[in-house]
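Biologist: I am new to this structure. Could you walk me through how parts of its chain pack together?

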Amino acid sequence: MPAPARRYLVSVLVGPEAVRQAREAVAERFGEVGVAPGSAFADTVLLVVSELVVNVLRHAPQSPVADVGISVGEGQLVISVADAEPRLPDLEPGAMGAGLLMVAELAAEYDGDVRAEPAVGHGGKVVLVRFRVPS
């Protein structure tokens, strides 16, 4: 029987400390979700968190908080970042900005992907980045 999925969520205030707080919150959960701290995979996950939170700072400054999630189950790890901006990013090849393009490339290195969808419970959006957890 597969292990149950685990999900952790932290809300960080949108502002100068948001990226650091989001990275620290995610890194604190690495042991619980089976990610080796200091590994190339951990570094990739933290880089993705940084880029997604920077995108909130750039494109959703009216958001009071960014909800940053990390979930793991069935060999996959998903990072999610939700904000109050309802406009979804264009994830078509050639339309993404440099940051999201980098995120998509990093996810692809771990057989993952990037998607965006309307947030549940409020008028914003959530960007999700899925990775296959290396064995």
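Modeller: Here are some questions and answers on helix packing, buried residues and ring pairs. This is a predicted model, in which local features need pLDDT of at least 70 and side-chain atom pairs count only at pLDDT 80 or more, while totals for chains, interfaces and linings use all residues. Residues are numbered from 1 along each chain as its sequence is written, and side-chain values use heavy atoms, leaving out hydrogens and water.

Biologist: At what angle do helix α1 and helix α3 pack?

Modeller: Helices here are DSSP runs (H or I, at least four residues; strands are E, at least two), numbered from the N terminus. Helix α1 covers residues 18-28 and helix α3 residues 40-59, with their axes 9 Å apart. With axes fitted to C-alpha atoms over the stretch in contact, and angles running from 0 to 180 degrees between N-to-C directions, the packing angle is about 145°.

Biologist: How do the residues of the contact of α1 with α3 divide?

Modeller: Contact means heavy atoms within 4.5 Å. Among the α1 residues that meet α3 are Val19, Arg23 and Val26, and their partners include Leu46, Ser50 and Val53. Ala, Val, Leu, Ile, Met, Phe, Trp, Tyr, Cys and Pro count as nonpolar, Asp, Glu, Lys and Arg as charged, and the others, Gly among them, as polar. The contact divides into 12 nonpolar, one polar and one charged.

Biologist: What arc do the buried residues of α1 cover around the axis?

Modeller: Buried means under 20% relative accessible area (exposed is over 50%, partly exposed in between; 1.4 Å probe, protein chains only). In α1, that applies to Ala18, Val19, Ala22, Ala25 and Val26. Taking directions from the helix axis to the C-beta atoms, these residues lie on the same side of α1 because their arc is only 135°.

Biologist: Which residues do ring pairs link into a cluster?

Modeller: Rings of Phe, Tyr and Trp (its six-membered ring) pair if their centres lie within 6.5 Å; planes under 30 degrees apart count as stacked, over 60 as edge-to-face and the rest as tilted. Phe41 and Phe131 are edge-to-face, at 5.6 Å centre to centre and 90° between the planes. Tyr110 and Phe131 have centres 6.2 Å apart and planes at 75°, so that pair is edge-to-face too. The cluster is therefore made of Phe41, Tyr110 and Phe131.

Biologist: What is the relative accessible area of Phe131?

Modeller: Phe131 sits in strand β5 (residues 125-132), 90 residues apart from Phe41 in helix α3. Phe131 counts as buried, because its relative accessible area is 0%.
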